[in-house]
Each structure stands twice: as structure tokens, then as C-alpha cells.
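Q: I would like to practise reading local backbone and surface features. Could you take me through some of them?
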Amino acid sequence: MTSRLALLGGQPTVDAPMPHFVWPPLTEDTSKAVVEQLATSISIYDRSGVIAELEDVLAEYHGVRHALLTSSGTAALYSMYAAAGIGPSTEVIVPAYTFFATVTPLLHLGAIPVLADCDERGNLDAEDVAGRITERTSAIVVTHMWGMPANVAALRAVAEDHEVMLLEDGSHAHGASVGGKKVGTFGRAAAFSMNGPKPLSAGEGGFILTDDDDLYQRALLHGQYNKRCRSELPRKHPLYRYAVTGMGLKHRIHPLAARIALDQLDHLDEYLDGRERVAAHLRDQLDGVPGVVVLRTDRDVRSSWYGLILQYRGEELGDLPIERFHEALQAEGCCEVDRPGSTCPLNLLPLFQEPGPLLPEYEGKFSYAPGDFPRAEAFHQGILKLPVWHREEDMHLVEGYVEAFRKVTDNYRELVEQNDG
Ligand SMILES: Cc1ncc(COP(=O)(O)O)c(C=O)c1O
């Protein structure tokens, strides 16, 4: 590659119009389904219509007894935690490296989040978790970061050994699996987001999965009050008399969002197969390109490819800072190459360093600081994220991005010299 880097005045490698990645894929069928839903009902108070339809399909897809739709992933997490009996002063071990909403609902239940470090893939590390269990620990929460399933066998073993619950945040990993078993079925319950870019998207929405009848019924009380509780809770349930009010919070999904997700779920496996092919191609093409290493997948693992994670090896590129490498790729037209920002080690966020000013009841209860989770911080600092396309017609973008990586790595010395000079 001889042409000059775009960052230094050359022509960008990728000149396709932006955006280069659009999700979810909306078709005429989606529009038709939404219009039909508009004419049918835009407010559903019980488990009927599109709500029941989507919950049935979600439960069947995952092979679980119950799926419960919610207005967001955050709401699903809140309802799941509350329904699992997590309350004041219980400790919950959570990933230091996750999107903050995995953890923030715990702060509205009075629980103490105990952060744990990650493994080499950015997922919760079972050994680190084991070292943080105390007699106050009630649960371990695992996120499957960027769609790559965590080491669930090791985490389940720790949870079983210490008799604590394992709960999942599957928000990055719809349809992902380990040994053919789907993410969302490894613990007592799981919560998922279905917001915009998620592998299964409703635009906005979420859901809970569980085989546990009691947890399901309590989750109804924590977010689906009145009609749904009155029609679904057994009359003999000890909490039936609260059916009208539930716990007072409403977390119902919008029927139009449910209709979009139902349409998406029909295609999820096809989309994931397409992503798998593109991820394999990207891995092959980037293998041997200096400065970047594609995160490996175990043989029995299927990722949802919410993102393809590249670990940056600046030492192979004359110690070129990752920031400069990223700038060079962006200048080449790779606008979708991302350095995740708000998804970061939680100890870097003010809410986890000093919760008191926003949540006075947490004053003095915990205080995390930069440096507390060296592996999570190094992982976060050292990765680039690519979207994983699923369609043949996007292959020109895939090839363009690969070419841009090659161009920048072939010409890295010009950037190093400029940096030094
Ligand atoms: C891992 C994870 N958990 C929870 C959430 C929160 O989901 P929602 O935005 O639907 O509330 C997100 C959203 O980005 C997420 O990535």
C-alpha cells in the first residue's frame, strides 16, 4: 500500500456514505406489522395480543418456562433483582467491566454492589469472584460482554459452591450460546435489553427469562401491576392481595416495540449466522496484521457479535498510541471503528466513586477508585470495537475496513515520526 494516510492528507480508503452500519434491519414486513399493531392495540394491560405472542416465542426460543417483557433492559434488571429478593445490605458481585445499568438498579434496592475484575476476554473472572464472596453475598451477576459468552461453567461452579444465585445480564448476547445452551439460561434468571443496537432490538424494551415460578410472579408484582397481576397470580399466592398495586412501579413494554421485536426475533438466527460468517472473515483477514489481535472464540461458543473486539498491540507499531491509531482509521473513513466510552470499568465513574451526593443512603457504603481493577482498565483502554455486518451486500464495507487497517499498519511509521517530531 503506497498511498498516503488520510490523516496526513491522503485519500480515505472508505468513501461510502455514512452511516456504515444500521441496526436493527427494518423491512417492509416490519412496517406492515407495526401498522397492523397500531390498528389493533397500542396499550395492553394483561398478557394478551402481541405481548403474549412475543413472550411465548421468547420462552420457546430459549427453552424456559417464563419470559416477561419490560419497558427497558434497566427495568428488566430492576424487576429481576427485586423479584430475586435482593434488598438492603445484601452484597451482589457484579462485573467491574460492564455497562453501568447492569448494576445501577441494585442501588435502588439498597444492595451493595461488589465489583469484580475481568478475564482476558473482558468477561467476569470466576476466580476473582470467588475471592469476594462473604456471608452477605446473595448473588453473582454476569454480563456477556460484546456478545461473547462468559465462562459460565466456572461461574456456576462458584455460585453453587457458595450457595449464591447466578443471574445474567444478556443484553449484549441474544441468541449466543455455550455448548448449544443459550445465554440467559445459565442462572436463576436473566435480564435482557432490547434497545436500539442490541442483537434483538425493539427500539426500546427488555425482558426477563426464568424457570422459577416464584421469581416470575414476584417480577410481575415489580412492574406489571393491576390487570396482569390479577389475572396471572394464583389466588392463593401469599402476595395476591397486592395484585392491584404491585410494588407500585410500572415497567410495561409498549405494544409497538413488542411488535418490532417479534418481527426481529423471526430473523435473529439468520442475522447471527450472517454475523458469524463476517466475523470469521474479519478474523482471517486481520490475522497477521500487526498491532491488532482479534479476540478468540472457544469452539463450543456462539457469540452474538454485538461487537468484534480487537486488542491493540501498540508495541508492534512503534508504541503508537491507540488514540492516534484510532484517529488514523477514522480518517480513512472507518467511522464505525469505536473506542467504547460509557461502557467502561465502573470504578472510573463518579457514581461508583462517590455515590453519596446523588444517593445519600450510600454515603460511606462503598467507594471505588481508578486503579482498583487493573485487568478491566487495561482491557478497556486497549480495545477497538468493530460492528459485525450480516449481509452479503455489506461486504464491500468489510473489505474497505480491512484495507484501511492494512494501510494504517503499513504506514504506521509516518505517524510515529510525526508523534515524535
Ligand atoms: C449490558 C447492558 N445492560 C443493561 C443495559 C440497559 O438496557 P436499556 O438501555 O434497555 O435500559 C444495557 C444497555 O445498553 C447494556 O448494554
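Q: Where does Pro 24 lie?
A: Happy to help! Keep in mind that this is a predicted model. Pro 24 lies in the segment before α1.

Q: What kind of peptide bond joins Trp 23 and Pro 24?
A: Most peptide bonds are trans. The bond between Trp 23 and Pro 24, however, is cis, with omega at about 0°. Met 18 and Pro 19 are also joined by a cis peptide bond, and there omega is about -5°. Pro 19 is likewise placed in the segment before α1.

Q: Which sign does phi have in Ser 89?
A: Start with the general idea: most residues other than glycine have a negative phi. Ser 89 has a positive value, near 70°. You will find Ser 89 in the loop between α3 (73–83) and β2 (91–95). Ser 89 counts as partly exposed because its relative accessibility is 47%, between the cut-offs of 20% and 50%.

Q: What is phi in Asn 226, and where does this residue lie?
A: Asn 226 is not a glycine, yet its phi is positive, at about 65°. Its place is the loop between α6 (213–221) and α7 (227–232). With a relative accessible area of 26%, Asn 226 is partly exposed.

Q: Now to the surface: which residues form the negative patch?
A: Glu 28, Asp 29, Asp 266 and Glu 270 form a negative surface patch. Two or more of the patch residues come from each of α1 (28–40) and α8 (255–286).

Q: Why does Glu 28 count as exposed?
A: Glu 28, in helix α1, counts as exposed because its relative accessibility is 71%, and exposed means over 50%.

Methods: Residues numbered from 1 in each chain as written. Predicted model: local features only at pLDDT ≥ 70, side-chain atom pairs only at ≥ 80, totals over all residues. Heavy atoms only, no water. Patch = residues over 30% accessible without salt bridge, like charges linked within 9 Å, V, L, I, M, F, W, Y side chains within 5 Å. Areas by Shrake-Rupley, 256 points an atom, 1.4 Å probe, with all protein chains shown as cover. Salt bridge = Lys/Arg side-chain N within 4 Å of Asp/Glu carboxyl O. Lys, Arg positive; Asp, Glu negative; His and termini not counted. Charge placed at Lys NZ, Arg CZ, Asp CG, Glu CD. Helix = DSSP H or I, 4+ residues; strand = E, 2+ residues; numbered from the N terminus. Buried < 20%, exposed > 50% of the residue type's maximum accessible area, 1.4 Å probe, protein only.
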